[in-house]
Structure formats: C-alpha cells, structure tokens
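Colleague: Please take a close look at one strand and its surroundings. Keep it brisk.

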Amino acid sequence: MKKSSIILFLALAGIPCAADTAYSPPVGGMTFTVNGGTVVAPVTTWFAVPVLDEPLASGAGRGKITSFTSGSITLTGAGWTSGALSNAAFPYAVRLLSGAGEGATLSVSANTTDTLTVSGRDLVQLGVVVGDVFQLVPVDTLNTLFGPDTFLGGVDANSADVITLSSSVQLAYYYNTTLGHWVRTTGPTTDRGNTPIPLGSVIAVTRKSGGMTLRIVGRVPETKVNALVANAGSTYTHTGFPTNVTIGSLALQTAIPGWVSASVADNADMLAVNVGGTWLNYFHNGTNWQRTTGPATNRDSIVINAGTAVQFFKRGSASGSAVFTRLRPYSF
Amino acid sequence: MKSLKVILFSVLATTGFSQVIQDFSAVINANTFFYGTWEAGGGSSVNPNASFVQGAGVYDITGATANNSDLSKIEFFFSSPFSIGSNGFLEVAAQALTLNAAPSFQVVLVDTSAVTATATFNASSFLVGSYSTAYSALTMGGGFNAASIDSMIITGAIPSGTARFNFSFDKISAVASPIPEPSTYAAIFGALALGLVVWRRRSFTQA
C-alpha cells in the first residue's frame with residue numbers, strides 16, 4: 001500500500017541500501033487533487049506516479065547480477081522465497097540500476113530462492129553484464145493501491161468512480177459493491193483486483209463524488225529513464241521523475257530515436273500533455289515545440305508538472321518500440 | 001426611493017459582469033480546431049465532422065459518430081490573449097439535442113502557460129429543444145493566469161467515452177457568479193413592485 005501522507009517533498013530519509021551504493025535515495029510523497037464530480041456530470045482527473053515502492057518480500061532487495069540469460073537474473077544467496085515475487089496479488093518488477101541497461105524495467109513472472117524469471121525486455125539485447133546492479137520494485141495493483149474504499153464503488157460503472165489505466169492501451173475498472181471486487185467496465189465481471197498498475201503508466205479517475213486528495217509516498221527513481229515507446233500509436237506515461245520539466249528540456253526529439261519533427265503538425269509525432277482533464281498537443285517543428293493547432297508560438301518553456309500524464313503519439317505503422325531515455329535530473 | 005436604489009444595486013452586484021468568450025456566430029475559421037471524432041479526419045483540423053452545423057449565431061455538434069471521449073474536442077484560439085478578470089464562473093447558453101446521450105461536458109480555458117481552468121456542465125441542466133442557460137464554477141489549476149487566456153476547449157472529457165454528444169451552443173461567457181434564473185428575476189422584481197406600491201400608498205396616506 002503506497003497510500004500515506006505528505007505533500008510533494010523530497011526528504012533525505014535513510015533508506016537501507018546495499019553497500020554497492022554510497023547514497024540514500026530520497027523518499028518523498030506526492031499529493032494529487034482528484035476533482036469532484038457527480039453521477040450525471042463526472043469529472044476526470046489524470047495523473048501518474050513517478051515514485052517507487054520499497055520491497056516488502058524477504059530476501060535481497062537489490063544486488064549485483066551473478067549470472068543471467070535473456071530472460072532471467074540470478075543473484076547467488078538472494079534468499080528469496082520461491083514464488084513470493086511473482087504472486088499476482090503482490091507483483092514485482094526488476095529495475096536495472098547500472099550498466100548498459102540502466103533504467104530498464106522488467107516484470108518478474110517467476111522466482112526461485114536465487115533466480116528471477118523476467119519479461120518485457122531482453123537482458124542480452126540490453127547489454128547487461130555480470131556485476132550490473134538491479135533492484136526489486138513492488139508493482140501496485142488496484143487492490144494494493146486503492147483497495148475497496150478509496151473511491152466510490154457502485155453496483156455498475158454508471159454509479160461508481162471509474163479508474164482508467166493507460167499505458168499502450170486504455171482499460172477501465174470500477175469497484176463493484178455487489179460483487180465485492182474490482183471489475184472491468186465492460187465484459188465479464190471477473191475479479192480484476194490484482195490488475196497491476198505498471199510503473200510508468202497513467203491513471204485516470206472519473207469521479208462521481210466529492211473532490212478528494214490522494215497522497216502517495218515512495219522512493220524517487222535512482223536511474224535514468226529507459227522505457228519503451230510504441231513505434232506507432234499512443235504510449236501513455238509520465239516524464240519519469242517527481243520533478244517539473246519544460247517541454248524544451250524534455251527534448252523528445254532527441255530522447256526518443258526516430259522521433260519525427262516536421263514543419264506541419266500532421267506530419268510530426270506528437271506530445272500530448274494532460275492539464276485540467278484535457279489534452280494539449282504539441283509537436284516539434286525542427287526548431288522548437290509548438291501546439292499542433294493555433295499560433296506557431298514557441299512552447300519550449302511550457303512546464304510539465306511532476307505527476308502529469310503525457311502521451312507520446314507516433315505516427316506511421318512501424319511495429320515494435322523505441323526507447324525513451326532521460327537522464328536523472330537530480331543527484332544524491 | 002433610497003431603499004429601491006439599494007435593492008437594485010445589490011441585484012446588479014449579485015449578477016456580476018458577463019463577458020462573452022464565444023458567441024458561436026462564425027465557428028469555422030482559421031483559429032478553430034477540431035480533434036478526435038469531432039474533426040473531419042487526419043490530425044488536428046480546422047474542418048469539423050461533416051454533420052456539425054453552423055446556424056445563425058449557434059453551432060450544432062451532432063452526428064452518430066460524435067462521442068464524449070476526452071480526445072474529441074473543439075478548441076478556439078484567440079487572436080491575442082485576453083482576461084476574464086476575477087470572473088470565477090462560466091455561463092453556457094445551449095440546448096441538448098434530441099439524440100444527446102452524453103451526461104456532461106467540460107469547458108476548459110487554457111492560459112498562455114498551458115495552465116487550465118475547467119468548468120463541468122451537467123447535460124440535464126439544459127433544456128431539450130430550446131436554449132437555456134447553466135452555470136458552473138471554474139476549477140483553476142495552480143498558477144492559472146486569468147489575465148492571459150490563450151484558448152478555450154469544449155470536450156466530453158470522458159476517457160474512452162462513447163456516448164453520443166449532441167449539443168447546440170449559443171454562447172459561452174465568464175461571469176462573477178451565477179445569474180438568477182428568469183423566475184428568480186420575476187420574484188425579485190415582483191417584490192420590488194410590491195414594495196413600490198406599499199411605499200406609494202404610504203406616501204399618499206401621509207399626504
């Protein structure tokens with residue numbers, strides 16, 4: 001459960017860390033204001049959580065890779081409980097902290113006492129070598145982050161708050177008070193409470209009750225951003241860190257290989273920034289960023305606040321993904 | 001007549017100053033853009049969905065393909081940034097068209113730093129078949145600059161929303177506070193008229 005208190009701050013709290021690191025990653029909290037709405041006039045608030053949980057499972061929380069394959073990591077003497085890191089109710093991810101793959105995140109699909117089976121990225125292709133450092137990161141689910149009572153539940157999607165999770169796709173859920181579990185807004189009423197909320201994804205709350213404040217505490221990322229962006233279509237994510245950044249400094253035209261700049265918006269890839277529940281679209285015209293519509297004003301100085309939901313929209317039909325990289329904007 | 005002047009002043013103070021932001025008399029122009037299912041197709045466009053209709057001082061957003069997704073919207077850029085002063089409410093004159101299924105919509109003001117102020121309107125606040133007026137308070141983002149507004153957006157605002165958005169817009173204004181409905185005006189002026197009669201009778205009696 002990430003739920004806790006505190007407004008956005010970065011307090012240098014002592015976090016136990018391996019001897020491999022000579023710093024204490026700061027722990028902080030973020031406050032998100034969820035605007036109030038009603039059943040007939042719901043209001044949607046979008047946000048993303050760029051801070052990470054601390055591992056709770058027994059065994060090593062981080063360490064140097066002893067050996068690896070394209071889809072597994074071994075840490076001799078890790079002391080994990082078999083299957084504990086791949087429990088659907090409390091899933092985990094691996095984030096690489098050093099080496100060529102720094103910042104890459106992989107899902108843990110199985111584990112033994114010293115080996116993790118991982119997916120989502122190929123460790124060989126990432127250029128991982130023995131001795132690279134990784135950490136385990138708990139991945140929240142609808143149950144662990146929100147539980148049954150954070151939001152307004154209901155007998156159907158029309159009467160309940162709807163939570164839309166967006167990464168490469170958008171899927172919507174609500175807490176069904178009759179069934180006593182989370183369900184999709186469409187389709188079978190299967191229990192979806194263990195649906196993971198992937199690191200880097202975006203959350204939209206379509207609120208049908210009074211305004212509220214969500215306070216989420218976590219550890220700031222220690223590495224650069226190294227995330228996949230679909231080569232075609234939308235990828236919903238955030239800017240990677242709990243700090244504000246201008247559109248010019250984000251510099252997607254260089255941060256994502258293959259990003260298309262163009263003199264007219266219809267030919268360019270697009271950055272959409274969610275503000276006040278709506279999306280404002282920008283493109284890089286070869287010199288600076290401007291809105292896809294309206295005057296050709298230079299928008300490089302527009303600030304994207306920490307925790308803001310963004311969309312990277314790449315035109316075309318190429319399959320696969322590109323890698324969004326961004327250096328950590330702070331030091332320890 | 002002193003008391004009458006005081007009452008009239010208080011009525012005007014309550015209603016505040018109404019500032020028209022969009023009168024919908026000529027929506028299609030180089031500064032108006034349509035997005036998602038509200039556009040003609042192929043990126044952000046100055047061309048609306050073919051079923052949208054420019055009327056005499058009104059604009060109809062209609063059609064089976066129009067929906068209330070957050071990605072479908074219309075945005076009006078202003079030739080130069082303008083101010084709404086201290087007005088904290090939006091007033092929308094519109095009507096829900098017969099086929100409308102969207103429960104609500106939002107009007108968003110965007111300042112030159114891309115900070116927004118949003119007002120949410122309940123579709124049922126508007127009459128079906130004739131124009132009526134509804135009000136909603138602006139929820140302002142941190143640092144919103146009400147003196148430097150760059151554009152205004154109308155959107156259904158629901159993630160993946162598919163309800164049919166069918167509305168006819170007449171006018172959108174910024175106001176200091178909700179203006180009383182005509183029935184409220186009738187009550188106010190009825191009371192004033194009654195007060196005037198009583199005052200005149202007393203004057204006649206004293207004379």
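Modeller: Here is strand 20 of chain A, with its neighbours and its part in the chain contact. This is a predicted model: local features need pLDDT of at least 70, side-chain atom pairs count only at pLDDT 80 or more, and totals for chains, interfaces and linings use all residues. Residues are numbered from 1 along each chain as its sequence is written, with chains lettered from A and ligands numbered from 1 in the order in which they are written.

Strand 20 covers residues 278-284 of chain A. Strands here are DSSP runs of E, at least two residues long, numbered from the N terminus. Seven of the seven residues in strand 20 of chain A are buried (20 or more other C-beta atoms, placed from the backbone, within 10 Å of the residue's own). Both faces are covered. T278(A), L280(A), Y282(A) and H284(A) lie on one side; W279(A), N281(A) and F283(A) lie on the other.

Strand 19 of chain A runs antiparallel to strand 20 of chain A, joined by five bridges; pairing takes at least two bridges found by DSSP. N274(A) has W279(A) as its bridge partner. Two residues separate these strands in a hairpin, where G276(A) takes a positive phi near 60 degrees.

Strand 21 of chain A (residues 289-291) also pairs antiparallel with strand 20 of chain A, over three bridges. There W289(A) is the bridge partner of H284(A). This hairpin has four residues between its strands, and G286(A) in the turn shows a positive phi of about 100 degrees.

Now the partner chain. 27 residues of chain A are in contact with 34 residues of chain B (C-beta atoms, placed from the backbone, within 7 Å). Strand 20 of chain A gives the most to the chain A side, with four residues.

Methods. Contact = placed C-beta atoms within 7 Å. Buried ≥ 20, exposed ≤ 12 C-beta atoms within 10 Å, placed from the backbone.
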